[in-house]
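This report is written for a reader at the bench who wants to follow the side-chain pairs, the packed interior and the enclosed space of one protein. Please keep the sequence and the structure in view while reading.

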Amino acid sequence: MTMRFSVLASGSTGNAFYVETDRHRLLVDAGLSGKQLEALFAQIGRHPSELHALLVTHEHSDHIKGLGVLARKYRLPIFANEKTWRAMEAAVGEIPSEQKFVFPLGAVKTFGDLDVESFGVSHDAAEPMFYVFHCGGKKLALLTDTGYVSERMKKTVENADVFVFESNHDIGMLRMGRYPWNVKRRILSDVGHISNEEAGLALADVIGDRTKRIYLAHLSQDNNMKELARMTVAQTLEQKGLAVGGRFHLYDTDPHQATALACV
């Protein structure tokens, strides 16, 4: 059994994550227009019509912008927890009842040969949750949009083969940037986003012997840069005795360019 994935888009302007096995193809979040999502799928040789389900992390627009359009066009089932369903119903438009499914927080759902585990994060949404994917003894952890990484979160995602992990902002850039103070305060809060340094510290606690790839995700367009995120996370890990480029590597993600389809 093989699990493959692509970070189709990641950043403050839109997010979408694709994962497939030999039997199932899932999309987590659809935070771009339907046209943009189809173009991103084309970059990895796939098409939304091949999907079996859509999973939702939370109701913010950069995660659900194209959700309703995609679900209606391709008659795809949507999975989200009850609070997220209530929070996003007006934004996604009319969805036939037979396409609406509840995926509770802290549950495991099986899609053929793929087990998907949901877990809660700390973010200013109704009931935000992210996912760990298990297939054929492999583990892929998706974790962004959280103001801090708790011990419970760390325990859930630890020793994944692949991490897609938030590295949202550089604290100095954010503090000196153009955002109004109330927005800066929200980002820096426990229900905002984690910084490059915080990402490195959290990763130091969860990287295990099986970890091979770490994708730095959800970078702020205004308060971060790929090179800065990579350098800060690498330096933080090295200070903890974890040298990048040995048994594991860091990878960039992009809001407009899908990462190459890769095996876990």
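## Salt bridges and their surroundings

At 48% relative accessibility, Asp 205 is classed as partly exposed, in a model that is predicted. The side chain of Asp 205 joins that of Lys 154 in a salt bridge, with 2.8 Å between N and O. Because Lys 154 belongs to helix 5 (residues 151–157) and Asp 205 to helix 8 (residues 196–206), this pair ties together parts that lie 51 residues apart in sequence. Lys 154, for its part, is buried, since its relative accessible area is 12% and the limit for that class is under 20%.

A second pair links Asp 222 with Arg 178, whose closest N and O atoms are 3.0 Å apart. Asp 222 sits in the loop between strand 12 (213–217) and helix 9 (226–239), while Arg 178 sits in the loop between helix 6 (171–176) and helix 7 (181–188), so that parts 44 residues apart in sequence are tied together. Asp 222 is partly exposed, with a relative accessible area of 32%, whereas Arg 178 counts as exposed at 66% relative accessibility. Elsewhere, salt bridges that share partners join Arg 4, Glu 20, Asp 22, Arg 25, Arg 46 and Glu 50 into one network.

A further salt bridge brings together the side chains of Glu 158 and Lys 155; Glu 158 is partly exposed at 30% relative accessibility, and Lys 155 is exposed at 59%. The count of salt bridges in the model comes to 16, and three of the pairs are set out here with their N to O distances.

| Salt bridge | N to O distance |
|---|---|
| Lys 154 and Asp 205 | 2.8 Å |
| Asp 222 and Arg 178 | 3.0 Å |
| Glu 158 and Lys 155 | 3.4 Å |

The nonpolar interior comes next. The largest nonpolar core has 56 residues, of which Phe 17, Leu 55, Phe 133 and Leu 203 touch the most other members. Strand 9 (residues 129–135) gives this core its largest share, six residues. When residues up to four places away in sequence are not counted, the contacts of Phe 133 include Phe 17, Val 19, Leu 114, Val 116 and Leu 142, and also Asp 115, Lys 138 and Lys 139. Apart from the largest core lies another, made of 27 residues, among them Leu 37, Leu 51, Val 56 and Trp 85.

The model also holds one cavity of 30 Å³ or more, and about 110 Å³ of space lies in the largest cavity. Its lining is made by 15 residues, and those closest to its centre are Asn 15, Ala 16, Phe 17, Leu 142 and Thr 144. Strand 1 (4–9) and strand 2 (16–20) are the elements that give two or more residues to this lining. Sorted by class, the lining of the largest cavity has nine nonpolar, four polar and two charged residues. Phe 17 thus appears both among the residues closest to the centre of the largest cavity and among those that touch the most other members of the largest nonpolar core.

One glycine can be placed as well. Gly 68 is found in helix 3 (residues 67–74) and is buried, with a relative accessible area of 3%. Leaving out residues up to four places away in sequence, Gly 68 touches Val 92 and Ile 95. Between the C-alpha atoms of Gly 68 and Tyr 179, which are 111 residues apart along the chain, the separation is 30 Å.

Key
Residues numbered from 1 in each chain as written. Predicted model: local features only at pLDDT ≥ 70, side-chain atom pairs only at ≥ 80, totals over all residues. Heavy atoms only, no water. 1 Å grid on protein atoms, 1.4 Å probe; cavity = no way out; pocket = protein on both sides within 12 Å on 5 of 7 lines; lining within 4 Å. Points joined across faces, edges and corners; volume = space filled by probe spheres on them. Helix = DSSP H or I, 4+ residues; strand = E, 2+ residues; numbered from the N terminus. Nonpolar A, V, L, I, M, F, W, Y, C, P; charged D, E, K, R; others polar. Salt bridge = Lys/Arg side-chain N within 4 Å of Asp/Glu carboxyl O. Buried < 20%, exposed > 50% of the residue type's maximum accessible area, 1.4 Å probe, protein only. Core = buried A, V, L, I, M, F, W, Y, C linked by side-chain atoms within 4.5 Å. Contact = heavy atoms within 4.5 Å.
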